[in-house]
Amino acid sequence: QNNVPIGVMVCFVDEVMWGGAPSFTNIIEKLKGTFHIGTENQQSFNYIGVHLTQNSDFSITLDQNTYAQTINTIDITNDQKGNPHQPLTKEETTQIRSALGKNNWLAGMTRPEISFQVCQISTRVKNATISDLISVNKSIKFVKNTPSFIKVPSLELKSISITTYADASFNNLPDGGSQGGFIVFLIDKNNKSIPVSWNSTRLKRVARSTLAA
């Protein structure tokens with residue numbers, strides 16, 4: 001409106017999220033008149049598995065704490081704990097893959113702090129042992145016992161810059177591979193920031209030194 005954005009909308013399959021100026025509501029009402037809307041929520045709701053809350057200062061928090069509580073640890077007997085190098089059975093391998101998938105979903109959406117550990121365990125799945133089951137359980141207990149969220153503050157849009165932090169661990173994976181990680185922030189002149197992208201994964205190139213990694 002007058003060359004100024006008044007609203008924004010995000011669609012994922014059949015879920016729609018929108019926000020904007022009061023005048024943008026008129027456009028939304030027309031949309032609702034065309035398409036049947038099953039349920040509608042505002043300020044605090046779940047969207048594609050993430051709980052979003054808009055605070056009084058217009059900042060937004062994103063978390064998956066409820067989802068984390070649904071992830072169950074894998075049962076391990078005392079005898080198994082006494083043999084940490086024992087290879088996993090086919091059933092146990094299926095269990096660890098399932099648990100890693102759930103942890104990876106958390107890591108990629110709202111829990112970047114577990115990305116490194118999830119990647120490390122994932123590289124060992126083919127030859128996983130009881131010790132890997134123990135590591136997965138520790139990761140699950142961590143996300144369940146430490147509720148966390150990502151906060152999106154109100155940024156000064158005209159001064160936004162992109163800042164990236166990256167690092168790598170040379171030859172830290174079981175087969176001699178190296179692991180690299182990064183996190184990207186949008187930062188304004190007031191030093192308020194939002195993490196917008198991150199990853200921790202096996203480097204595709206063969207590294208011969210820490211510097212190369």
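**Exercise 1.** How do the residues of the lining of the second largest pocket divide into nonpolar, polar and charged?

*Solution.* The model is predicted: local features need pLDDT of at least 70, side-chain atom pairs count only at pLDDT 80 or more, and totals for chains, interfaces and linings use all residues. Residues are numbered from 1 along each chain as its sequence is written, and side-chain values use heavy atoms, with hydrogens and water left out.

Step 1. List the lining: Arg97, Ser122, Thr123, Arg124, Val125, Lys126, Asn127, Pro174 and Asp175. A pocket is an open set of points on a 1 Å grid over the protein atoms alone where a 1.4 Å probe fits, with protein on both sides within 12 Å along at least five of seven lines; lining residues have an atom within 4 Å of a point.

Step 2. Sort them: two are nonpolar, three polar and four charged. Ala, Val, Leu, Ile, Met, Phe, Trp, Tyr, Cys and Pro count as nonpolar, Asp, Glu, Lys and Arg as charged, and the others, Gly among them, as polar.

**Exercise 2.** Describe the sheet that holds strand 3.

*Solution.* Step 1. Give the order: the open sheet has four strands, 3-4-5-6, paired antiparallel. Strands (E, at least two residues) are DSSP runs numbered from the N terminus, and two strands pair if DSSP finds at least two bridges between them.

Step 2. Find the edges: strand 3 (44–47) and strand 6 (150–152) each pair on one side only.

Step 3. Examine one pair: four bridges join strand 3 to strand 4 (residues 50–54). In this pair, Ser44 stands opposite Thr53 of strand 4.
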